[in-house]
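Take a look at the model below. Follow the sheet to begin with, then turn to the ligand.

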Amino acid sequence: MYNSKIIGLGKYLPENVVTNADLEKIMDTSDAWIQERTGIKERRHILKGSDDTTYYMGVKASKIAIERAGISPQEIDLILFATLSPDYYFPGSGVLVQEALEIPNCPAMDIRMQCSGFVYAVATADQFIKTGMYKNVLVIGSEYHSGGLDMTSRGRNISVIFGDGAGAVLMTREKSKKKGILNSQLHSEGKYAQELSLIGPNTRRWVPEIMEENNPDDISYFPHMNGQFVFKNAVVRFSEVIMAGLKKAGWRPQEIDILIPHQANLRISQFVQKKFGLADKQVYNNIQRYGNTTAASIPIALTEAWEEGKVKKGSKVILAAFGSGFTWGSITIQW
Ligand code: ACO
């Protein structure tokens, strides 16, 4: 039995910056409203006609992570691809990464757990590495939201929040039981599946039926979010899984070097920070610059924190997420 650890990190953000002022021009919103409610100042949107897609951003982030890990793509034994915006309905985006990185017949699995996708993927990689089945696992979180948002005033409660981007990590074996991923906790509560969802088309209402209805008011193909309900559940579940990870590791909140919460909303992160009595330097936030990139938000933030020297050998790191499903989870890492 091994532990697992992260040895390479990478991120990719499309160049095109969309500020709150840009959104003011196309919908009834304001910089003040967006900043006050979410903390977001700007986000990245893939420009129409660009080569970037969900898998391709994942490939770009992965190449950096693989190079920093000091291995060749051919040494990767498994790809886990977390996204809620896969390139195709099927197949998943992981196989497209396998092809692009030219890894012969490597298994590739998509993880469809929305905002918690990266946490679920790291926990899954950890299990495959612990059993000895695989040695090197590439874990990707990537999202292409902008093309699927209602960018009119009708969709403003959601479309101002989300952005595009990708992050990736390379995980491998760690011999010491006291280092690497120390514990993970994963949860779901399907009774709230529709509170944050995109339900059309679905298997009870396929595309031909939707076309037959020919209803111009049908917006079921845009995401739906019960914002205040999500907020209330998120702050509770974030706190629970962080506490569970701390307890299992035997750490006190003051000992955390960096908490990297899923970048859902700055207000949610601040609520959690206050609850645990954490200092500003103990919590990493970059939602101000990228918006909510769902499954990509934690690997992007983790990569930035590592690049800034805030995650280094000996660091006590916690990743925590909550999102559609509802799903939530955390990972406790002794770096
Ligand atoms: N610009 C201006 N006004 C807006 C906008 C906007 N973009 N969006 C909504 N409004 C208006 C509403 O129409 C409403 O107007 P009314 O009072 O005239 O009816 C008013 O603002 C208040 O709307 P609420 O939805 O009650 O606003 P709230 O204070 O709840 O803030 C928000 C909305 C930011 C979504 C909040 O509920 C929230 O933070 N929820 C958490 C959900 C979240 O963070 N989701 C992220 C994705 S999920 C995840 O990653 C876990």
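In what order do the five strands of the open sheet lie? The order is 1-7-6-4-5, and the pairing is mixed. Strands (E, at least two residues) and helices (H or I, at least four) are DSSP runs, numbered from the N terminus. Two strands pair if DSSP finds at least two bridges between them.

This is a predicted model: local features need pLDDT of at least 70, side-chain atom pairs need 80 or more, and totals for chains, interfaces and linings use all residues. Residues are numbered from 1 along each chain as its sequence is written, and side-chain values use heavy atoms, without hydrogens or water.

Strand 1 (3-12) and strand 5 (108-111) are the edge strands; each pairs on one side only. Strand 4 (residues 78-82) runs parallel to strand 5, and four bridges join them. In strand 5, M109 is the bridge partner of L80.

Now the ligand. Its shell counts 24 residues, each with a heavy atom within 4 Å of the ligand. T29, R37, H262, N265 and N292 come nearest. Helix 8 (227-249) gives the most to the shell, with four residues.

Three side chains place an N or O atom by a ligand oxygen, as polar contacts (pairs of N or O atoms within 3.5 Å).

| Side chain | Distance to a ligand oxygen |
|---|---|
| R37 | 2.8 Å |
| Q228 | 2.8 Å |
| N292 | 2.8 Å |

The protein covers 73% of the 1000 Å² of accessible area (Shrake-Rupley method, 1.4 Å probe) that the ligand has on its own.

Notes:
Polar contact = N/O pair within 3.5 Å; in protein donor to acceptor, adjacent residues only side chain to side chain.
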